[in-house]
Amino acid sequence: MDYGRLGGTGLQVSRICLGMMTYGSAAWRDWVLDEEAAGPIVRRAAELGITFFDTADMYSDGVSEEITGRLLRSIFANRDDYVLASKVFFPTGPGPNDRGLSRKHIMAAIDASLRRLGTDHVDLYQIHRWDHGTPIEETMEALHDVVRAGKARYIGASSMYAWQFAKAQHVAERHGWTRFVSMQPQYNLAYREDEREMLPFCLDSGVGVIPWSPLAKGVLARGRAAETRRAQRDPLVARLSQEEDFLVADAVAEVAAARAVPAAQVALAWLLAKPAVTAPIIGASKERHIDDAVAAVDLKLTEDEIARLEAPYRPHAVIGY
């Protein structure tokens, strides 16, 4: 495993991040694995050097955080041996203040997340989306106070327009508040819209990029093969399962066949070669998914291979925000 700094910070993270949405309660999504099934996968990740784990308060209605906390405490000897990230924004209850990025919800949400995770701090606390109903000044000051209270070491953001992210950073800088150190966009060979503005902005301003859905919800790994149970129920999969997307998947399969490696390794290696990208966030429902992801760190693509992979891409409508 290789490690690198998260953006312009001194925080070292593994070049692969394990996303914990897959683990929690099947009552939330029927493809979610319970703690017993998740344990060997998370342990395999740790064995291979993955030290970066990403969850959110809304995954399995909080059960993902509970499982994440228990598993990491059982695997790692010390809290400082791993980097733990969580997120806030989506509803965590029925009330009007059980969602969003108001000061009230952020302060309640971080305390609830820490209780579920069984720790006194997260290393990275991220806003899951942009809140159109809350002034960004209120959000950034509340996040600054979370950091000042020692409940988070750094803050990050997820899918939004580049102008929104730039505005948030400007507000924080103007007031002397904590700035975002990371951006978590949807980014993969089948969806590259953030290459236009967000990624150049992050690269220029020293913000680490930790893409979600690096395999386009599995489309890049399985191509035109039969869909998984999760794919059949995820509307985002349908939006990345058009003929133009399968042409990209075909290119991935061709390069993978020539290299005699799984398609997932090629798709991840392409992402890892991008200068702005710190660590793709992978989902893993089998131990071999971990093995493929870690192997991708050492897979170096040629310029010709990268050109073949990128050639079929066609612009998409914005997805996810």
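User: How many residues of strand β5 are buried?
Analyst: In this predicted model, 6 of the 6 residues of β5, which spans residues 83–88, are buried. The strand is therefore mostly covered, given that a residue counts as buried when its relative accessible area is under 20%.

User: Which way do the residues of β5 point?
Analyst: V83, A85 and K87 point one way from the strand, while L84, S86 and V88 point the other way. Residues of both groups are buried. In a regular strand, side chains alternate between the two faces of the sheet.

User: What joins β4 to β5, and in which sense do they run?
Analyst: Strand β4, residues 52–54, is joined to β5 by 3 bridges, and the two strands run parallel. Within this pairing, F53 stands opposite L84 of β5. Between the two strands comes helix α2, residues 63–75; β4, α2 and β5 make a right-handed β-α-β unit.

User: And what about β5 and β6, how many bridges are there?
Analyst: There are 4 bridges between β5 and β6, the latter covering residues 122–127, and the pairing is parallel. A85 stands opposite L124 of β6. The chain passes from β5 to β6 through helix α3, residues 103–117, and this β-α-β crossover is right-handed. V88 is another residue with a partner in β6, as it stands opposite I127.

User: Is β6 itself enclosed or open, and why?
Analyst: All 6 of the 6 residues of β6 are buried, so the strand is largely enclosed by the rest of the structure.

User: Where does the chain go after β6, and which strand is joined to it?
Analyst: β6, helix α4 (residues 136–148) and β7 make a right-handed β-α-β unit. Strand β7, residues 152–158, is joined to β6 by 5 bridges, and these strands run parallel. In this pair, I127 stands opposite A157 of β7.

User: Changing topic: which residues have the most contacts inside the largest nonpolar core?
Analyst: They are L18, Y23, Y125 and M140, in a core of 86 residues. Helix α11, residues 263–272, gives the most to this core, with 9 residues.

User: What does Y125 touch?
Analyst: Leaving aside neighbours within four places in sequence, Y125 is in contact with S86, K87 and V88, among others. Its further contacts include I106, A109 and I110, as well as L143, V146 and Y154.

User: Which residues belong to the second core?
Analyst: This separate core has 12 residues, including V83, A85, I210 and I281. V83 and A85 are also residues that point one way from β5.

User: Going back to α11, why is it called enclosed?
Analyst: Helix α11 is largely enclosed by the rest of the structure because 10 of its 10 residues are buried. Among these buried residues are Q265, W270 and L272. What covers them includes α7 (219–222), α10, β10 (281–282), α12 (287–296) and α13.

User: How do α10 and α13 cross?
Analyst: The axes of α10 (residues 243–259) and α13 (residues 303–310) come within 8 Å and cross at roughly 155°. An angle over 145 degrees counts as roughly antiparallel, and α10 and α13 are therefore roughly antiparallel to each other. The contact is made by V248, A251, V252, E254, V255 and R259 of α10, together with E305, R308 and L309 of α13.

User: What about S113, is that residue buried or exposed?
Analyst: S113 counts as buried because its relative accessibility is 0%. This residue is found in helix α3. Not counting residues up to four places away in sequence, S113 touches D57, E65 and S86.

User: Last topic: which residues have a positive phi without being glycine?
Analyst: F89 is one of them, with a phi of about 160°. K217 is another, with phi near 55°.

User: Where are F89 and K217 found?
Analyst: F89 is found in the loop between β5 and α3. F89 is buried, with a relative accessible area of 16%. K217 lies in the loop between β9 (208–209) and α7.

Conventions: Residues numbered from 1 in each chain as written. Predicted model: local features only at pLDDT ≥ 70, side-chain atom pairs only at ≥ 80, totals over all residues. Heavy atoms only, no water. Buried < 20%, exposed > 50% of the residue type's maximum accessible area, 1.4 Å probe, protein only. Pairing = 2+ DSSP bridges. Right-handed = clockwise from strand over helix to strand, strands pointing away. Core = buried A, V, L, I, M, F, W, Y, C linked by side-chain atoms within 4.5 Å. Contact = heavy atoms within 4.5 Å. Axes fitted to C-alpha atoms, helices over the stretch in contact; angles between N-to-C directions. Parallel < 35°, antiparallel > 145°, perpendicular 65-115°, else oblique.
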